[in-house]
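This briefing is for a reader new to the structure shown below. It covers charged side-chain pairs and one further residue.

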Amino acid sequence: VNEPPRFQSAAVILPPTAVYPRRGIVDQSGAETRPDWLADRPERPTVYATMGTAFNKTPGLLEGILAALRDEPITLILTVGRDREPAEFGEQPPNVHIERYLPQSLVFDACALVVSHCGSGTMLAALEHGLPMVNIPIAADQPENAARCAELGLGITVGPEERTPEAIRAAVRTILADPTYRAKAQRMRAEIQAMPGPETAVTLLERLSVERQPLGLRPIG
């Protein structure tokens with residue numbers, strides 16, 4: 001289980017042998033580097049927005065995010081997926097950077113907020129960096145992830161009937177103006193950092209192969 005224990009809903013019942021290791025970060029597929037313009041951006045919040053790689057063609061959604069945020073006093077990073085062209089979104093003001101793909105591990109430390117579909121990968125990356133979220137869930141595990149984030153005060157959900165530029169803009173403004181969202185996300189980050197590393201899974205599997213019995217949560221070593 002890669003989520004910290006407190007993130008788990010009380011409705012989720014796990015066996016006593018469950019272990020909570022941090023996930024391994026494998027978001028670089030080549031020689032991607034940190035964009036140079038990150039170092040030169042103005043002193044204002046940086047917002048990262050994405051719909052991932054499976055939901056990036058949801059009709060009108062990326063366009064709605066742009067309409068909501070392009071004129072706000074922020075730096076906006078919008079990743080649209082390797083199968084879409086940034087040019088299709090037209091000319092943008094200097095504060096908007098549209099990319100096909102950027103490894104989140106290279107840019108999230110410069111961000112103040114994440115706008116996304118709340119897929120598990122993006123959600124966990126945001127929490128690992130202590131970033132609050134505006135979540136626009138589409139399908140799969142995203143509605144449950146977004147609901148749990150809202151319950152814990154880690155973000156705001158923009159539901160299926162609310163996906164308008166006005167609603168997205170209002171949610172972003174609320175989180176940027178209210179430091180309690182960031183504070184709660186920072187506490188979740190600390191919990192994740194306290195979890196054992198991903199190498200723990202290897203150690204436990206090796207022990208299981210020798211002892212051939214459930215390991216529970218006994219100390220590793």
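Which two side chains meet in a salt bridge at 3.3 Å, N to O? They are those of E63 and R84. The model is a predicted one, and a search of the whole structure finds eight salt bridges. Side chains of opposite charge can pair when their charged atoms come close.

**The pair E63 and R84**

- E63 lies in helix α2 and R84 in the loop between β2 and β3, so this salt bridge ties together parts that are 21 residues apart in sequence.
- E63 counts as partly exposed, because its relative accessibility is 34%, and the cut-offs for that class are 20% and 50%.
- R84 has a relative accessibility of 9% and therefore counts as buried, the limit being under 20%.
- E63, R84 and E88 are joined into one network by salt bridges that share partners.

**The pair D109 and R34**

- A salt bridge links D109 with R34, and their closest N and O atoms are 2.8 Å apart.
- D109 is in the loop between α3 (104-107) and β4 (113-116), while R34 is in the segment before α1 (37-40), so the pair ties together parts that are 75 residues apart in sequence.
- D109 counts as exposed because its relative accessibility is 54%.
- R34, at 36% relative accessibility, counts as partly exposed.

**The pair K57 and D83**

- K57 forms a salt bridge with D83, in which the closest N and O atoms are 3.7 Å apart.
- This pair links distant parts of the chain, 26 residues apart.
- K57 sits in the loop between β1 (46-50) and α2 (61-69), and D83 in the loop between β2 (75-79) and β3 (96-99).
- K57 has a relative accessible area of 52% and is therefore exposed.
- D83 is partly exposed, since its relative accessible area is 46%.

**Q104 and its contacts**

- Q104 is part of helix α3.
- With a relative accessibility of 14%, Q104 counts as buried.
- Leaving aside residues up to four places away in sequence, Q104 touches D27, Y48, T50, G121, T122 and A125.

**Points to keep in view**

- Salt bridges that share partners place E63, R84 and E88 in one network, and within it R84 is buried while E63 is partly exposed.
- In the pair of D109 and R34, D109 is exposed and R34 is partly exposed.
- In the pair of K57 and D83, K57 is exposed and D83 is partly exposed.

Definitions and conventions
Residues are numbered from 1 along each chain as its sequence is written. This is a predicted model: local features need pLDDT of at least 70, side-chain atom pairs count only at pLDDT 80 or more; totals for chains, interfaces and linings use all residues. Side-chain values use heavy atoms; hydrogens and water are left out. A salt bridge is a side-chain nitrogen of Lys or Arg within 4 Å of a carboxyl oxygen of Asp or Glu. Helices (H or I, at least four residues) and strands (E, at least two) are DSSP runs, numbered from the N terminus. Buried means under 20% relative accessible area, exposed over 50%, partly exposed in between (1.4 Å probe, protein chains only). Contact means heavy atoms within 4.5 Å.
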